[in-house]
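Visitor: I would like to go through this model and ask what stands behind each label. Shall we begin?

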Amino acid sequence: PAAIKVELKGQLHKPVTGKDVILHLIGEIGVSGALYKSLEFVGDGVKSLTMEDRLCICNMAIEAGAKNGIFPVDEITEAYLKGRSQRPWVKYEADPDAEYERSIVIDLDALEPAVSYPHLPENTHLAKEGKDIKIDQIVIGSCTNGRIEDLRLFARLVEGRRKADNITAWIVPGSKGVEAAARAEGLDRILAAAGFELRQPGCSACLAMNADKIPAGKYSVSTSNRNFEGRQGPGARTMLSGIAVAAAAAVCGRIEDPRKVFEM
């Protein structure tokens with residue numbers, strides 16, 4: 001497919017993560033902005049992104065219509081592959097004279113915590129603008145933010161606090177391995193003390209294909225990848241965010257800038 005170059009400048013600043021990067025990009029170009037194209041992320045800012053940030057961004061490239069999302073292989077990639085790759089791997093790079101259909105520049109230094117309102121990922125707003133929106137449900141997990149690093153961050157943010165009384169919260173590890181690691185590290189005990197429960201791993205309410213559905217008319221802050229109408233249940237109103245925004249909503253009961261809630 002044709003390629004779009006996304007140049008990342010500067011560096012991420014807590015609590016901004018890869019989820020905020022991709023929500024910003026989709027908000028800028030729309031859910032069809034990269035239709036059947038390749039999103040190639042380059043630039044000095046790449047080195048400030050963890051592997052988990054990159055996996056989240058590539059996962060959600062499809063929400064901009066892209067066929068794929070690609071990051072360059074660097075030391076962070078190579079370190080991540082150690083002990084994970086079961087066969088020799090080959091490093092590929094773009095040609096120096098590679099042609100791109102379009103170039104987009106994202107200043108990571110300027111990014112703020114973001115949230116996408118119903119019912120499209122492109123409906124992106126800053127978290128600090130949503131204080132009047134009451135939230136009923138929190139869903140932590142999915143293939144975008146269900147990794148052990150995500151659960152560690154959520155547990156660290158809510159430790160010593162309690163979830164808001166009006167909040168129903170589902171904390172769903174992305175795999176059995178993540179669940180085992182979370183329990184071995186005692187994250188389940190931290191979550192329980194804050195009023196949360198570590199649930200069985202899987203997709204859960206990301207796509208509402210089991211009993212985990214958001215009731216009609218209720219607002220959910222979900223760390224999943226899609227908030228199309230009906231995605232989390234008939235009549236559900238899903239707002240997409242990263243871990244920090246979801247944690248702030250969980251303890252405040254509303255959309256709030258996590259920088260005002262937690263010491264980052």
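Visitor: What makes up the lining of the second largest pocket, by class?
Guide: This is a predicted model. By class, that lining holds 10 nonpolar, one polar and five charged residues. The pocket has 16 lining residues, and nearest its centre lie Phe 41, Phe 71, Pro 72, Val 73 and Tyr 92. Phe, Pro, Val and Tyr count as nonpolar, so these five belong to the nonpolar class.

Visitor: Which strand gives the most to that lining, and what is the volume of the second largest pocket?
Guide: Strand E2 (residues 38–42) gives the most, with three residues. The volume is about 340 Å³.

Visitor: What is the volume of the largest pocket, and which residues are closest to its centre?
Guide: The largest pocket has about 470 Å³. It is lined by 22 residues, with Val 16, Thr 17, Thr 50, Asp 53 and Leu 153 closest to the centre.

Visitor: How do you know which class each of those five falls in?
Guide: Val and Leu are on the nonpolar list and Asp is on the charged list, while residues on neither list count as polar. Therefore Val 16 and Leu 153 are nonpolar, Asp 53 is charged, and Thr 17 and Thr 50 are polar. The whole lining has seven nonpolar, seven polar and eight charged residues.

Visitor: Which helices supply at least two residues of the lining of the largest pocket?
Guide: H1, helix H2 (51–59), helix H4 (142–145) and helix H5 (148–158) each do. H5 gives the most, with four residues.

Visitor: Now the sheet. What is the order of its six strands?
Guide: The order is E6-E5-E10-E9-E7-E8, in an open sheet with mixed pairing.

Visitor: Why are strand E6 and strand E8 called edge strands?
Guide: Strand E6 (124–126) and strand E8 (168–171) each pair on one side only. Neighbouring strands of the sheet are turned by 25 degrees against each other on average, direction ignored.

Visitor: How do you know that E5 and E10 pair?
Guide: Pairing needs at least two bridges. Strand E5 (residues 114–116) and strand E10 (residues 237–241) have two, so they count as paired, in the antiparallel sense. Val 115 has Ser 241 in E10 as its bridge partner.

Visitor: What makes E9 a partner of both E7 and E10?
Guide: Three bridges join E7 to E9, and four join E9 to E10. Both counts satisfy the requirement of at least two bridges, so both are pairs. E7 and E9 run parallel, and E9 and E10 run parallel too. Val 221 in E9 stands opposite Ile 138, and Val 221 also stands opposite Met 239 in E10.

Visitor: Which strands do helices H1 and H8 meet?
Guide: Helix H1 (residues 18–29) lies across E5, E6 and E10, at about 55 degrees to E5. Helix H8 (residues 243–252) packs on the sheet and touches E5, strand E7 (137–140), strand E9 (219–222) and E10. The direction of H8 makes about 150 degrees with that of E7.

Visitor: Why is Arg 237 called partly exposed?
Guide: Buried means under 20% and exposed means over 50%. Arg 237 is at 29%, between those limits, so it counts as partly exposed.

Visitor: Where does Arg 237 lie, and which residues does Arg 237 touch?
Guide: Arg 237 lies in strand E10. Leaving out residues up to four places away in sequence, Arg 237 touches Pro 118, His 119, Gly 217, Lys 218, Tyr 219 and Ser 220.

How values were computed. Residues are numbered from 1 along each chain as its sequence is written. This is a predicted model: local features need pLDDT of at least 70, side-chain atom pairs count only at pLDDT 80 or more; totals for chains, interfaces and linings use all residues. Side-chain values use heavy atoms; hydrogens and water are left out. Axes are lines fitted to C-alpha atoms, for helices over the stretch in contact, and angles run from 0 to 180 degrees between N-to-C directions. Contact means heavy atoms within 4.5 Å. On a 1 Å grid over the protein atoms alone, a cavity is a set of points where a 1.4 Å probe fits but cannot get out, and a pocket is an open set with protein on both sides within 12 Å along at least five of seven lines; lining residues have an atom within 4 Å of a point. Grid points are joined across faces, edges and corners, and a volume is the space filled by probe spheres set on the points. Buried means under 20% relative accessible area, exposed over 50%, partly exposed in between (1.4 Å probe, protein chains only).
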